[in-house]
Amino acid sequence: MRTYELMFVVDPRVSDEEVVTMTHDYRQMILAGGSEITKEENWGRRKLAYSIEKLNEGKYVVFYVSSEGGKTSLPEVEHRMRQNDKILRYLTVRTDLDLKRAGSRVAPFEAPVQAGAAPAQPGAGPAAPGAPAPAAPETSDAGREA
């Protein structure tokens with residue numbers, strides 16, 4: 001199972017009805033290619049990080065797409081977006097690899113150290129109740145010069 005995020009930014013001068021129609025067309029292309037849209041978000045009008053064609057705002061739409069066995073129509077959808085003058089930018093990111101990498105980097109659970117307790121010594125087992133505490137290592141003055 002592969003998952004992707006497809007985000008595109010539409011020219012802010014395009015009406016909301018045209019954005020809905022455009023979104024519907026791209027959704028149909030993705031579904032016809034054998035992929036599934038798990039979630040769709042319309043972020044609305046937002047400020048751009050930098051000017052694109054002298055525009056400072058754009059309308060953002062995000063598709064969360066999943067596909068089986070690597071079969072997807074996303075290259076065709078990207079080709080159509082590249083040809084559409086109303087789309088300022090688009091970006092497709094494969095997210096299943098990122099989730100797999102993040103899962104492998106998680107450190108195994110370690111028990112927290114209680115306040116005032118000494119950290120566990122490697123190879124030392126738990127002390128029996130009522131047993132004397134281990135002594136601190138002795139220091140000798142034999143190697144010191146006066």
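Where does lysine 54 lie? In this predicted model, lysine 54 is placed in the loop between β2 and β3. The phi angle of lysine 54 is near 65°, a positive value in a residue other than glycine. Lysine 54 is also exposed, with a relative accessible area of 80%. Glutamate 53 belongs to the loop between β2 and β3 as well, and its phi is near 55°, again positive in a residue other than glycine. With a relative accessibility of 57%, glutamate 53 counts as exposed, because exposure is assigned over 50%. As background to these two angles, most residues other than glycine have a negative phi.

The overall architecture is as follows. The protein contains 3 helices and 4 strands, and their order along the sequence is β-α-β-β-α-β-α. The protein has 146 residues, of which 27% are buried.

Aromatic contacts were examined next. The structure holds 3 aromatic pairs. One of them joins phenylalanine 8 and tyrosine 26 in an edge-to-face arrangement, with 5.7 Å from centre to centre and 70° between the planes. Phenylalanine 8 is located in strand β1 and tyrosine 26 in helix α1 (residues 16-32), so this pair ties together parts that are 18 residues apart in sequence. Both phenylalanine 8 and tyrosine 26 are buried. Tryptophan 43 and tyrosine 60 make up another aromatic pair, which is stacked, with 6.2 Å centre to centre and 25° between the planes. This second contact links distant parts of the chain, since tryptophan 43 is in strand β2 and tyrosine 60 is in strand β3 (residues 55-67), 17 residues apart. The two partners fall into separate exposure classes: tryptophan 43 is partly exposed, at a relative accessible area of 34%, whereas tyrosine 60 counts as buried, at 13% relative accessibility. The assignments follow because buried means under 20% relative accessible area, and partly exposed lies between that limit and the one for exposed residues, over 50%. An aromatic cluster is formed by Phe8, Tyr26 and Phe63. A further contact with a ring involves lysine 39, whose charged end sits over the ring of tyrosine 64 at 5.7 Å from the ring centre.

Two of the residues in these aromatic contacts also belong to a pocket lining. The second largest pocket encloses about 150 Å³ of space. Its lining comprises Met7, Phe8, Val9, Leu48, Ala49, Tyr50, Ile52, Tyr60, Arg89, Tyr90 and Leu91. The elements that contribute two or more residues to this lining are β1 (2-10), β2 (36-52) and β4 (87-94). Strand β2 supplies the largest share, 4 residues. In terms of residue class, the lining of the second largest pocket has 10 nonpolar residues, no polar residues and 1 charged residue. Phe8 and Tyr60, both part of this lining, are the residues described above as members of the edge-to-face pair and the stacked pair, respectively.

The distribution of exposure around helix α2 was then considered. In helix α2 (residues 74-83), the buried residues are Leu74, Val77, Glu78 and Met81. Viewed down the axis of α2, these buried residues fall within an arc of 100°, so they line one face of the helix. In general, an α-helix has 3.6 residues a turn, so residues three or four places apart point the same way. On the other side of α2, the exposed residues are Pro75, Glu76, Arg82 and Gln83.

Two separations between C-alpha atoms relate residues that are remote in sequence. Glutamate 36, situated in strand β2, counts as partly exposed at 47% relative accessibility. The C-alpha atoms of glutamate 36 and valine 65 are separated by 5.7 Å, although the two residues are 29 residues apart along the chain. Glutamate 18, situated in helix α1, is likewise partly exposed, with a relative accessible area of 33%. For glutamate 18 and lysine 86, 68 residues apart along the chain, the separation of the C-alpha atoms is 9.8 Å.

Key:
Residues are numbered from 1 along each chain as its sequence is written. This is a predicted model: local features need pLDDT of at least 70, side-chain atom pairs count only at pLDDT 80 or more; totals for chains, interfaces and linings use all residues. Side-chain values use heavy atoms; hydrogens and water are left out. On a 1 Å grid over the protein atoms alone, a cavity is a set of points where a 1.4 Å probe fits but cannot get out, and a pocket is an open set with protein on both sides within 12 Å along at least five of seven lines; lining residues have an atom within 4 Å of a point. Grid points are joined across faces, edges and corners, and a volume is the space filled by probe spheres set on the points. Ala, Val, Leu, Ile, Met, Phe, Trp, Tyr, Cys and Pro count as nonpolar, Asp, Glu, Lys and Arg as charged, and the others, Gly among them, as polar. Rings of Phe, Tyr and Trp (its six-membered ring) pair if their centres lie within 6.5 Å; planes under 30 degrees apart count as stacked, over 60 as edge-to-face and the rest as tilted. Buried means under 20% relative accessible area, exposed over 50%, partly exposed in between (1.4 Å probe, protein chains only). A charge sits over a ring if NZ of Lys or CZ of Arg is within 6 Å of the ring centre and within 35 degrees of the ring normal. The arc is that of the directions from the helix axis to the C-beta atoms.
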